[in-house]
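Visitor: I would like to learn how to read a structure like this one. Could you take me through some of its features, with the general idea before each case?

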Amino acid sequence: MSSNLIVSLEGVRLEHDGSLTQRALRVLEHEPLSSAEVAHRVLGITGGAGAAAAAVFALLGTDSRFAVDAQGVWSLAATQPARPSGRLLRDEEFVVVDVETTGGSPNGGHRVTEVAAVRVSGGRITDTFCSLVNPERPIPSMITGITGITNRMVADQPRFAEVAPRVSEALDGCVFVAHNAAFDWRFMCHEMHLATGMTLSGRQLCTVRLARKLLPQLPSRSLDGLALFFGLEVKNRHRALDDAVATAHCLLRFIEMLDEQGVADWEAVQTLLSGRKPRAPRKRRAAPRSMEVA
């Protein structure tokens, strides 16, 4: 592929589920396509190759999730080799999210009962948000036994749609972080879609995966295990804010550990988590080529 490939470095954002860019993401999910194919499948344009290519470029050309090579073949940038972001990990904006729910999966009809978002920037926690949420369905007694959140506690609390604007504001532009991120991400995408008709997209970072790489000697990489290792006190375990704050402190420790290992930016973290070998550093030339020739 050509050297103009780019990696998505976007923070979390909301998008309409039926938007043209969402449609483009779906059609390019399985294979790269020519401009003509993208124009046909996404925009419904046939014929007029020049106009079709211009229309596709106008739609996708400035979106860092897409890449196009010199032959006009489009692909998802996140599936391609990445170039360095240039932004140090400690300078990234993170939002650590934790949700409490009525059960294990939104596909089973389960809903969020509490949501917390903790902003991490410049090596410290800078903002927190937390709200109980009326899940509009009963909370199983087994779940109440774990979280302590009862049906009575949430009966008069806002529904997720009412807190969605504040949640969206907390997530906007940040790297989404959670302990077992896939779980919290699925619930957040589901709730935001129900509330707004839009879906979340953006970078995600899982502290469980980081713990597996950075602390392989620990018998457990659960949040309790990490809190014990780092000496963190979690007063109300399985409540969203306390869990999110504890996870944020773990993230800060992980960033320090990564920095000590020379894993300094987003690309390097992804390389570490994927198990790929890091890119070899380029040899520096003693003098510009033109001077050597001279």
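Visitor: Let me start with one residue: is Phe176 buried or exposed?

Guide: Before the case, a word on the source: this is a predicted model, in which local features need pLDDT of at least 70 and side-chain atom pairs count only at pLDDT 80 or more, while totals for chains, interfaces and linings use all residues. Residues are numbered from 1 along each chain as its sequence is written, and side-chain values use heavy atoms, with hydrogens and water left out. Buried means under 20% relative accessible area, exposed over 50%, and partly exposed in between, with a 1.4 Å probe and protein chains only. Phe176 counts as buried because its relative accessibility is 0%.

Visitor: Which aromatic pair does Phe176 form, and how is such a pair described?

Guide: A pair of aromatic rings is described by the distance of the centres and the angle of the planes. Rings of Phe, Tyr and Trp (its six-membered ring) pair if their centres lie within 6.5 Å, and planes under 30 degrees apart count as stacked, over 60 as edge-to-face and the rest as tilted. The structure holds five aromatic pairs. One of them joins Phe176 and Trp185 edge-to-face, at 4.9 Å centre to centre and with 80 degrees between the planes. Trp185, at 12% relative accessibility, also counts as buried.

Visitor: What angle lies between the planes of Phe230 and Phe254?

Guide: The angle is 75 degrees, with 5.7 Å centre to centre, and this pair is edge-to-face. Helices (H or I, at least four residues) and strands (E, at least two) are DSSP runs, numbered from the N terminus. Phe230 lies in helix α9 and Phe254 in helix α10, so the pair ties together parts that are 24 residues apart in sequence. Both residues are buried, and ring pairs link Phe229, Phe230 and Phe254 into a cluster.

Visitor: Which residues touch the most other members of the largest nonpolar core?

Guide: A nonpolar core is a set of buried Ala, Val, Leu, Ile, Met, Phe, Trp, Tyr and Cys residues joined through side-chain atoms within 4.5 Å. The largest one has 34 residues, and those touching the most other members are Phe94, Leu205, Leu215, Leu226, Phe254 and Val269. Helix α10 gives the most to this core, with eleven residues.

Visitor: Where is Val120 placed, and which residues does Val120 touch?

Guide: Val120 is in strand β6 and, at 2% relative accessibility, counts as buried. Contact means heavy atoms within 4.5 Å. Leaving out residues up to four places away in sequence, Val120 touches several residues, including Phe94, Ala248 and Leu252. Val120 and Ala248 are 128 residues apart in sequence, yet 7.0 Å apart in space, C-alpha to C-alpha.
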